[in-house]
Every structure is written in C-alpha cells, then in structure tokens.
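Here are my notes on this model. Please read them with the structure open.

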Amino acid sequence: MAAALVPAAFSIPKEGKPSVSLKDSTLFGVSLSDHLKADFSSSALRCKREFGAVKAQTVATTTPAANRAASEGKKTLRKGSVVITGASSGLGLATAKALAETGKWHVIMACRDFLKAERAAKSAGIAKENYTIMHLDLASLDSVRQFVDNFRRSGRPLDVLVCNAAVYLPTAKEPTFTAEGFELSVGTNHLGHFLLSRLLLEDLNKSDYPSKRLIIVGSITGNTNTLAGNVPPKANLGDMRGLAGGLNGLNSSAMIDGGDFDGAKAYKDSKVCNMLTMQEFHRRYHEETGVAFASLYPGCIATTGLFREHIPLFRLLFPPFQKYITKGFVSEDESGKRLAQVVSDPSLTKSGVYWSWNKDSASFENQLSQEASNADKARKVWEISEKLVGLA
Ligand code: LMG
Ligand code: NDP
Ligand code: PMR
C-alpha cells in the first residue's frame, strides 16, 4: 500500500479518457506534473504554462483594482471585513485566528453555537476587537436569511465571504434533514451556502475594498482524478434527479444521484456542488463584479471536528495514516494559514481557481476532476439549487 502511494509510481486517468497524461494526474491534491516541473528552470515557464497546473505565484493574474491597491501601498488600505462560516472549530477557527493576527482583518464568525464560538475565539487568543460572532445555522434557510439581515444591520462592509462550515455523517444508516427537509450534508454544506452566497453577493458588490473574494471550501475527496477521490464511495451527481426532487427521502431520494443513502457519498457530492458553484459564480459574475471566486483543498486536516461522527478507531488511526503513509496531513494552524492566503494574499486574486498546496506549502492552481469541472453540471446544480432555496 505504501509503495503504491509514491507519487511518481502512481497516476489515475481522468474519467472518460483512455490514456493517462501527467498533467491530468494528481496525488495528495498535488499535480504530478507540478512535482516534476519544480525541477525546471524559470526559463521553461512558457512551456510549463501549457501544462496547466503552475505555481500560483508565477501566473496569478490580478484584477486592475487589486493592482491599484498593491501599488498604492498597504498603509492606506482599511481593515478588511471577512465573514467565515463555521469558524467555531477546525479550519474556520484557524483561518479566523490567522487573519485576526495580521491586524488587517475583522472576522465575522458565522456560527450555529454562539457559546462554543465565543469559547473557541477566546482559547485561540483572538483579540476582542478583531472578531464578532453572529448566529448562523446553515441547516435552516430562515436562519440564513436572518443572518443576512443581521449582518446588514450591523453596518459592516462585506469584503470577503468564506463558505467553510460542513458536516460529515459517515456512519449514519438513515438520512437526517435540514429544517426545509433537505438531506443534512448537502442541505448544510451546499444549499445553505448557496443561498448565503447568492444573497451576500450584493453586499460584496457594494464594498469598496480593492480585492473582493468569495471562497468556497472544496476537497480532494470530491475529485475522482485523485487517489483520495477514488476511495469508495466515490462522488457522483449522476443526472441529479434526487436533487431536483428536493433530497427529502420521501417522494425523492435523499441522494443527489437518486441512489440509496450513503453519508460519506453525500458529503463528497456536497463538495462537488461546492466546487461547481464556485465555477458557476465565476462564469456568471466575475466580469461584471470583479469579485474573485475561488475554491480550495487545504490539505488533510485529520484532527478536526469533521470526523466527530466517525468510529473511534478511525479517529485514532486517521491522523497517523495521513501523516506517515499518505503524507497528506496538515495541522489546523497550517491549513488556517493556507485559507488565509486565499482570503488576503495579493498573489491569489485569480478567479475561477481551485487552489492547492504542494509539499513545501507553496500554492498552485490545481485541476478539478472531470465531473467537478463540468460546465453543464455547474449550470444544472445552480438552476436546481436556486429553485430549492426559493430564489427562482
Ligand atoms: C468507507 O470505507 C466507510 O465505509 C465510510 O463510512 C466512509 O468513511 C468512507 O470515504 C469515506 O469510507 C472506505 C474503506 C474501504 O476504507 C478503509 O477505511 C479501509 C481501511 C483499510 C486500511 C488499509 C491499510 C492501510 C495501511 C494501514 C495503516 C494503518 C492506518 C489505517 C487507517 C485507516 C484510515 C483510513 O475502502 C475500500 O474499499 C478499500 C479500498 C481502498 C482503495 C483505495 C483506492 C484506490 C483507487 C485506485 C484507483 C485505481 C487505480 C489502480 C491503478 C494501480 C496502478 C498501480
Ligand atoms: P470542523 O467540524 O472542525 O468544522 C466545521 C464547522 O462547521 C464547525 O464550526 C461547525 O460548527 C460548523 N457547522 C456545521 N454545521 C453547521 C451549520 N448547520 N451551521 C453553521 N455552522 C455549521 O471541520 P473542518 O474544519 O475540518 O471543516 C471545515 C471545512 O474544511 C469543511 O468545508 C470541510 O469540508 C473542509 N475540508 C476539511 C478537510 C479535513 O481534512 N478536515 C479536508 C478538506 C476539506 P460547530 O462547531 O457548532 O459544530
Ligand atoms: Mg483518505 C493518497 C492520499 C490520500 C489523501 C490526501 C486523503 C485525504 N486520503 C488519501 C488516501 C486514502 N484514504 C486511502 C489510500 C484510503 C484507504 C485506506 C483512505 C481512506 C479514507 C477514509 C475511510 N480517507 C478518508 C476516509 C474518510 O472517512 C475521509 C473522508 O472521505 O471524508 C469524506 C477521508 C479523507 N481522506 C483524505 C481527506 C482530506 C479526507 C477527509 C476529509 C475531506 O475530504 O473533506
């Protein structure tokens, strides 16, 4: 098993493609070609670009507004205002901490459990003046709308939105549901965030911040062009008949593809929806608004609360497995720094990108699987989702 995980010895073809080429293969979320290209000299840059996955720093195109901000100097930039969903633990909390520590950001922690969030912020040592906690339960569309109202009443600008919260229910035998009756994983991770980001796009638009961003956290496990994405059950949205039927488990399946309920698959499907939503936002709104839309795989943060529903043996073995065998492990601190880069780094302003990091923690534009980059599926997820959340 360990030998099979050696990057150079392993590659997985993109679905539907008969032959394997280096540029199509990723392992641990890192493009194989990226590994190889790291050895090339910079004079080979043009040649590298043709391969697609190139280190972010070398190709990131900045919007004119962002360029202006960079050249005018940081001193004149006001404090940024960023909303992070699910900032009460794991990646969200680590990102809030990393941003608050720079002194350049005020973090609005959008959380379902106020007390937990307050305790988390305190024990992470986030200074009082750098954060505000606001209630948001993504498993209720009423709560999402209420959050948007409350946020607007607070009078704060919205410069960056980070859709980070998620639930993962790998051991559930039967589906559970959101307030509106959507299967809980897709309902929370995708539909709650879909409504939130659609509503808050207007607020991002109003902001005068030079580099406005909307970030949706994706994952390697939703990408079947990787080894991790091939561990069963695999993500697959099928023809989306279950989603179109409302995922209610009554007159429609609780699964997007219409199949039998599987909590691990529902989570991976929800991540595919997250990554497709980011691309559809980019297609529809980037030019018009200048907002940068991005997704990312922050690395395997094997110690977070995401695995709270998994069996104890899994929780015990998963971190050492990721640390020593796959080497895909990252600490919560490191993952927070990565997401904080996507929020505020001047070199990560490109829109429509799925960011990943290589083993030296350098960011690069990664390739999504065929399904997670399918423009027709992106449009379809968007159109069905806007009906489900009452926007169309
Ligand atoms: C499901 O199980 C769970 O049922 C579900 O609840 C949910 O958690 C879901 O994806 C999440 O997973 C998947 C399960 C079975 O995987 C396991 O957990 C089995 C663990 C077996 C341990 C293997 C030993 C590893 C070394 C041990 C070190 C100790 C630490 C162990 C900690 C384990 C924690 C993960 O999955 C399977 O069916 C097993 C098959 C695994 C397949 C890997 C995917 C390969 C895909 C390759 C594509 C084909 C290309 C082939 C080309 C080859 C060229 C060389
Ligand atoms: P955690 O469980 O630590 O964090 C998830 C957060 O989401 C928690 O703050 C949780 O709140 C919140 N949340 C869950 N349900 C709701 C809801 N209904 N309304 C509002 N907030 C909610 O997991 P991670 O930090 O690992 O996950 C963060 C993101 O990273 C997710 O999008 C996940 O898919 C992604 N990711 C994680 C990876 C990993 O290896 N851990 C790898 C790739 C991606 P509460 O504290 O109240 O439970
Ligand atoms: Mg995976 C080869 C590298 C690799 C990476 C980077 C991950 C990330 N995983 C890898 C490999 C494997 N995993 C292999 C070979 C196996 C079979 C032994 C394996 C198993 C496994 C399980 C059972 N892995 C898992 C689970 C989970 O329950 C996690 C999951 O799928 O959550 C949806 C998970 C994960 N592996 C990852 C990452 C990042 C996760 C979890 C979180 C996520 O994608 O958001």
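1. Helices are DSSP runs of H or I, at least four residues, numbered from the N terminus. Thr326 sits in helix 11. At 10% relative accessibility, Thr326 counts as buried (under 20% relative accessible area, 1.4 Å probe, protein chains only). Its side chain makes a polar contact with the side chain of Gln322, at 2.5 Å. A polar contact is a pair of N or O atoms within 3.5 Å; within protein, one must be able to donate a hydrogen and the other to accept it, and residues adjacent in sequence count only if both atoms are side-chain atoms. The Thr326 side chain also reaches the backbone nitrogen of Gly328, at 3.0 Å.

2. The model is predicted: local features need pLDDT of at least 70, side-chain atom pairs pLDDT 80 or more, while totals for chains, interfaces and linings use all residues. Residues are numbered from 1 along each chain as its sequence is written, and side-chain values use heavy atoms, without hydrogens and water.

3. Leu316 also belongs to helix 11, which covers residues 312-326. At 59% relative accessibility, Leu316 counts as exposed (over 50%).

4. Now helix 10, residues 263-289. Its 27 residues should span 39 Å at 1.5 Å a residue (times one less than the number of residues). The end C-alpha atoms are 36 Å apart, which agrees. Of the 27 residues, 21 are buried, so helix 10 is largely enclosed by the rest of the structure.

5. What caps the N-terminal end of helix 10? Asp262 does: a side-chain oxygen lies 3.0 Å from the backbone nitrogen of Ala264. After helix 10 comes Gly290, with a positive phi near 75 degrees.

How values were computed:
Chains lettered and ligands numbered in written order. Helix = DSSP H or I, 4+ residues; strand = E, 2+ residues; numbered from the N terminus.
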